[in-house]
Amino acid sequence: MKKSEAIKLLESEAWTKADAIRALEVIDFNNNPDELTIRRAISNFAGSELNKRQRLQAAQKGQVTKKNKEIEQIHQEYDAKLTQYKQELKQARERNEAENHNLASVNELKAEVRRLTAVNDELKKENTALKDELQNVTSVNKDLNAKLKKSNLINDQLKKDNKDLKNVVDAIKLKLAIEVNQLLKYEDSEIRKALIKLFKSTLG
C-alpha cells in the first residue's frame, strides 16, 4: 500500500490528515506494507495518544472558535466605533460649516456696524456744523431783530415828530391866516397885495 492510500484510509476513519501523516512516519513505504502492517504500526498512536491529540485538537478548535468570535466581536466593535466616529466627524464638519457661516455673518455684521459707525460720525460732524451755523444765523437774526426794533422805535419817533411838526405848522398857518385876515381889512391896497402874496406862499 502506498502512503497516499494509507492516508486516505485513515481519513475515511475520521483521522485528520495531519494525524495520519504523523502516525505513518514510523512506516517504511518502500517495502510496500500491507494494511495489517500499517495498522500494527499505528496502533500505539491510535490509542490514548490519538484520543489525547484529538482532545487537544478539539480544545484548540474551541480556542480558535473562541478567538474567532473574539476577533469577530472586536471587528464589530471596531465597525461600530468607526461608524460612530464617522457620524461624529460628519456632525463636527456640519458644526464647523455652521460656525463658519455664523462667523461670516458676524464678520458681515461687524463690517455693517463699522460702516454705520462711520456714517454716524459723519452725521455728528454735519450736525455740529449745522449747530454752529444755526447759532450764527440765530445771532444774526437776533441782531436783525434788535436793529428792526430800533428802526421801528426810530420810525415811531419820526412819525410822532412829523405829527408834532405838522401840528405846529398847522397852528402857524392858522395863526398866520387869522392875522392876515385881520390885515386884509385895512384899505391900503399895496399892503393887501403883499400880504396876499405872502399868504399864498405860506400856504404852499
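From the N terminus onward, the elements of the protein chain follow the order α-α-α-α-α. In this predicted model, the secondary structure amounts to 5 helices and 0 strands. Helix H1 covers residues 3–12 and helix H2 residues 17–23, helix H3 comprises residues 35–41, and helix H4 extends over residues 43–183.

The accessible surface of the protein chain is about 17,200 Å², and carbon and sulfur atoms account for 55% of it. Of the 204 residues in the chain, 9% are classed as buried. With respect to contacts between residues at least 6 apart in sequence, 47% link residues at least 24 apart.

In soluble globular proteins, nonpolar side chains tend to be buried together. The largest nonpolar core of the model consists of 12 residues, namely Ala6, Ile7, Leu10, Trp15, Ala20, Ala23, Leu24, Ile27, Phe29, Ile38, Ile42 and Phe45. At least two residues of this core are supplied by each of helix H1 and helix H2. The greatest contribution is that of H1, which provides 3 residues. One of the core members, isoleucine 27, is in contact with Pro33, Ile38, Ala41 and Ile42 when its neighbours within four places in sequence are left aside. Of these partners, Ile38 and Ile42 also belong to the core.

A nonpolar patch is present on the surface as well. Leu165, Val168, Val169 and Ile172 make up this patch, and together they present about 340 Å² of accessible area. Leucine 165 is located in helix H4. Its relative accessibility is 52%, and leucine 165 is therefore classified as exposed, the threshold for that class being over 50%.

Side chains of opposite charge can pair when their charged atoms come close. The structure contains 5 salt bridges, and three pairs are described here in sequence order. In the pair formed by glutamate 35 and arginine 39, the closest N and O atoms are 3.0 Å apart. Because glutamate 35 and arginine 39 lie 4 residues apart in helix H3, about one helical turn separates them. Glutamate 35 is partly exposed, its relative accessible area being 36%, and arginine 39 is likewise partly exposed, at 30%.

Helix H4 contains a salt bridge between glutamate 112 and arginine 115. The closest N and O atoms of glutamate 112 and arginine 115 are 2.6 Å apart. The spacing of glutamate 112 and arginine 115 in helix H4 is 3 residues, which means that they are separated by about one helical turn. Glutamate 112 has a relative accessible area of 34% and is partly exposed; arginine 115, with 45%, is also partly exposed.

A further salt bridge joins the side chains of lysine 166 and aspartate 170, with an N to O distance of 3.0 Å. Lysine 166 and aspartate 170 are 4 residues apart in helix H4, so about one helical turn lies between them. Lysine 166 is exposed, with a relative accessible area of 51%, whereas aspartate 170 is partly exposed, with a relative accessible area of 33%.

Key. Residues numbered from 1 in each chain as written. Predicted model: local features only at pLDDT ≥ 70, side-chain atom pairs only at ≥ 80, totals over all residues. Heavy atoms only, no water. Patch = residues over 30% accessible without salt bridge, like charges linked within 9 Å, V, L, I, M, F, W, Y side chains within 5 Å. Areas by Shrake-Rupley, 256 points an atom, 1.4 Å probe, with all protein chains shown as cover. Salt bridge = Lys/Arg side-chain N within 4 Å of Asp/Glu carboxyl O. Buried < 20%, exposed > 50% of the residue type's maximum accessible area, 1.4 Å probe, protein only. Contact = heavy atoms within 4.5 Å. Core = buried A, V, L, I, M, F, W, Y, C linked by side-chain atoms within 4.5 Å.
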